[in-house]
2 protein chains.
Amino acid sequence: MDHIPERKTVDIILDDFLAGKKHIAERTRVAHLLELFADFLANGERIRTALTVLGWQAAGGHGDSDRVARVAAALEMFHAFALIHDDLMDESDTRRGRPTLHRALAERAEPGRAEHSGNKFALLLGDLAFTWSDELLHTADLTAQQLRAVLPLIVEMRSEVLAGQYLDLRAAGELTDDVDATMSVNRYKTAKYTVERPLHIGAALAGAGPEAMAGFSAYALPLGEASRLRDDLLGVYGDVGDTGKSHLDDLRSGKNTTLLALALRAARPAQAARLRTLLGDPLLDETGAAEVRAVCTATGARRTVERMIDDRRRQALRALDTAPFDAGATTALKDLAHTATRRSA
Amino acid sequence: MDHIPERKTVDIILDDFLAGKKHIAERTRVAHLLELFADFLANGERIRTALTVLGWQAAGGHGDSDRVARVAAALEMFHAFALIHDDLMDESDTRRGRPTLHRALAERAEPGRAEHSGNKFALLLGDLAFTWSDELLHTADLTAQQLRAVLPLIVEMRSEVLAGQYLDLRAAGELTDDVDATMSVNRYKTAKYTVERPLHIGAALAGAGPEAMAGFSAYALPLGEASRLRDDLLGVYGDVGDTGKSHLDDLRSGKNTTLLALALRAARPAQAARLRTLLGDPLLDETGAAEVRAVCTATGARRTVERMIDDRRRQALRALDTAPFDAGATTALKDLAHTATRRSA
């Protein structure tokens with residue numbers, strides 16, 4: 001996979017781009033905000049970068065990958081927007097083991113209205129990231145044909161993640177045993193947004209046709225679902241070292257997951273009542289978390305989720321057998337199907 | 001000006017566009033949000049529409065104006081985003097004489113966390129409007145040349161309004177006598193964002209060259225500044241019927257304006273102390289407002305702002321004398337220079 005630009009290439013594009021904003025930042029005395037933002041952006045996992053490049057390569061892209069890297073940078077920038085606004089809407093305190101942007105900004109604000117101040121500047125930085133993502137895209141020097149292929153996918157991707165976020169918000173604060181509803185959020189926010197669309201966008205840059213596009217979907221959707229289900233398990237059974245965040249966070253915020261919906265559905269009344277008491281309790285401690293784990297295991301929810309993950313991984317791998325993809329990229333996509341679904345992160 | 005698509009054309013595009021989102025809205029049970037949003041959007045003034053079309057026509061555009069109307073619709077959609085997020089950041093209760101979107105959403109939310117609920121759904125609807133603005137733009141069927149001309153202007157426009165909002169936020173809550181700072185916000189949020197860029201974008205669709213672009217700037221920047229200064233005056237001296245919002249709102253929120261900065265700068269210590277007591281007081285009443293007016297008049301701030309408006313209107317009109325614009329559009333631009341700066345709204 002010698003054509004794959006490393007994470008470094010995309011990081012350099014993002015650094016250069018933000019450096020180009022410094023003069024405005026200084027003129028508007030916004031430099032400290034920009035530094036915080038750069039820091040947030042630098043801390044990303046670059047999953048979209050890897051998938052955009054893999055999609056491009058799998059669809060036969062080769063040679064100069066500058067445009068691909070620039071489009072990947074645009075996706076990373078968009079993702080920074082999505083995370084910043086998600087954290088605001090979810091009132092999350094931590095992200096990737098560090099304070100979320102609105103919390104970091106609140107810490108730097110003058111006391112009194114620090115929380116509102118953190119929220120409003122985070123909102124604005126999110127908006128800027130959205131704008132900048134467009135700017136990166138529009139300056140990627142794409143051909144007219146590439147633009148025509150990529151822009152509708154970008155529009156779809158954005159609508160999908162916002163629809164997923166809407167479903168997520170709607171469900172928040174109210175524990176559900178509606179497994180389909182949790183799988184719907186999973187599909188929009190992870191399977192489509194994180195896996196399918198970056199592959200599609202990379203493939204579109206290489207001029208992929210409908211057959212290849214369908215192949216990517218057949219691989220990406222089950223894999224994305226499996227990966228999110230794996231994260232749901234890690235959120236309850238994993239330890240902080242695996243996930244970069246305490247599993248207490250998700251449990252305390254009463255986040256709906258497929259695992260918990262399955263547990264609630266299969267629980268006896270007494271177990272269900274305990275789950276409803278424990279989940280969403282902002283003071284939940286390790287003893288409470290252990291009790292949640294015990295119910296998830298006893299109800300068979302854990303086992304069901306593990307089986308769902310295995311089924312979906314197999315489905316994703318099978319899709320690769322018939323897809324018309326480049327051999328090197330296929331190997332990489334297979335590897336990814338394993339690493340994204342294995343039991344520890 | 002028979003080529004100018006009416007407001008109605010753009011409204012139809014926006015209605016059709018939102019109707020196209022209905023199936024997603026129903027699938028995600030978001031229909032009531034979409035209705036509120038459609039209502040908000042329908043209530044817009046369509047200043048950008050008029051200016052985009054005028055820019056196009058002034059630069060020699062003629063014939064089929066469908067693409068122009070669609071780009072204008074994209075700008076209106078973007079503006080809906082900007083207003084929704086501005087109102088959130090400013091914690092405003094009213095907009096165009098009606099509850100702001102986050103307040104309207106909070107009213108419909110279940111009690112308990114209604115405020116947060118209103119805020120988060122308004123944030124998300126703002127994000128959707130941003131995405132939809134891109135979608136309208138990307139489906140406007142622009143030629144490759146039009147896209148190349150328009151996209152960088154859109155990117156600039158977005159960065160400028162966010163920079164203006166940042167300056168506005170930074171200044172909020174702390175009364176300033178820094179006249180330059182207030183004029184800077186004015187320039188970004190009104191002169192460039194509301195007047196110059198829509199004209200530029202319309203002109204770019206007609207293939208305008210650098211000379212015409214410079215002509216639009218020479219007209220738009222002083223006119224935009226004058227129009228905002230007029231609004232500052234109306235915010236203190238106008239009545240509700242003129243502005244659609246109570247002038248008490250701006251005074252109570254302690255909004256920095258050039259008028260108040262001039263008054264503070266020219267005030268005697270006792271007057272300045274009164275202004276600092278009255279402005280930003282959430283309980284300010286009509287008696288207090290009358291006192292603010294008296295100080296603005298006594299310090300000569302009102303007179304200075306009126307002179308600034310007159311100077312800028314003259315400058316804008318002068319710019320039209322030498323600009324290489326279509327005669328019919330020039331007449332319309334002259335009319336606009338008068339209506340946008342006259343003493344009652």
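## Two-fold pair of helical chains

Chain B lies on chain A with an RMSD of 0.0 Å after a turn of 180° and a shift of 0.0 Å along the axis. The two copies are thus related as by a two-fold rotation axis. In chain B, the C-alpha nearest that axis belongs to B:A144, 3.3 Å away. The superposition is by least squares on the C-alpha atoms of residues with pLDDT of at least 70 in both copies.

This is a predicted model, in which local features need pLDDT of at least 70, side-chain atom pairs count only at pLDDT 80 or more, and totals for chains, interfaces and linings use all residues. Residues are numbered from 1 along each chain as its sequence is written, and chains are lettered from A and ligands numbered from 1 in the order in which they are written.

**Chain A overall.** Chain A holds 17 helices and 2 strands. Helices (H or I, at least four residues) and strands (E, at least two) are DSSP runs, numbered from the N terminus. The C-alpha trace spans about 60 × 60 × 30 Å along its principal axes. The radius of gyration of chain A is 21 Å, which agrees with the value near 20 Å for a compact globule of 345 residues. That radius is taken over C-alpha atoms, and the globule rule is 2.2 Å times the number of residues to the power 0.38. Buried residues make up 49% of the 345 residues in chain A. Buried means 20 or more other C-beta atoms within 10 Å of the residue's own, exposed means 12 or fewer, and partly exposed lies in between, with C-beta atoms placed from the backbone. Of the contacts in chain A with a separation of 6 or more, 75% join residues 24 or more positions apart. A contact requires C-beta atoms, placed from the backbone, within 7 Å.

**Two contact surfaces.** The domain assignment of chain A gives domain 1 (1-141) and domain 2 (144-345). Such bounds come from an automatic or database domain assignment. The domain centres, over C-alpha atoms, are 22 Å apart. Domain 1 of chain A gives 25 residues to the contact and domain 2 of chain A gives 28 residues. Between the chains, 30 residues come from chain B and 30 residues from chain A. The table describes one side of each contact.

| Side | Elements giving two or more residues | Largest share | Classes |
|---|---|---|---|
| Domain 1 of chain A, touching domain 2 of chain A | α4 (47-58), α5 (66-90) | α4(A), 10 residues | 14 nonpolar, 7 polar, 4 charged residues |
| Chain B, touching chain A | α5 (66-90), α7 (114-138), α8 (144-171) | α8(B), 13 residues | 17 nonpolar, 6 polar, 7 charged residues |

Ala, Val, Leu, Ile, Met, Phe, Trp, Tyr, Cys and Pro count as nonpolar, Asp, Glu, Lys and Arg as charged, and the others, Gly among them, as polar. 100% of the interface residues of chain B are also interface residues in chain A, so the copies meet through the same surface.

**Core.** The largest nonpolar core has 205 residues. Such a core is a set of buried Ala, Val, Leu, Ile, Met, Phe, Trp, Tyr and Cys residues joined through C-beta atoms within 7 Å. A:V71, A:L125, A:A263, B:V71, B:L125 and B:A263 touch the most other members. Beyond its neighbours within four places in sequence, A:L125 contacts A:L33, A:F37, A:I84 and A:L101.

**Positive phi.** Most residues other than glycine have a negative phi. A:D141 has a positive phi, near 60°. A:D141 sits in the loop between α7 (114-138) and α8 (144-171) of chain A. With 9 C-beta neighbours inside 10 Å, A:D141 is exposed. B:R46 also has a phi near 60°. B:R46 lies in the loop between α3 (31-42) and α4 (47-58) of chain B. B:R46 is buried, with 20 other C-beta atoms within 10 Å.

Technical notes: Contact = placed C-beta atoms within 7 Å.
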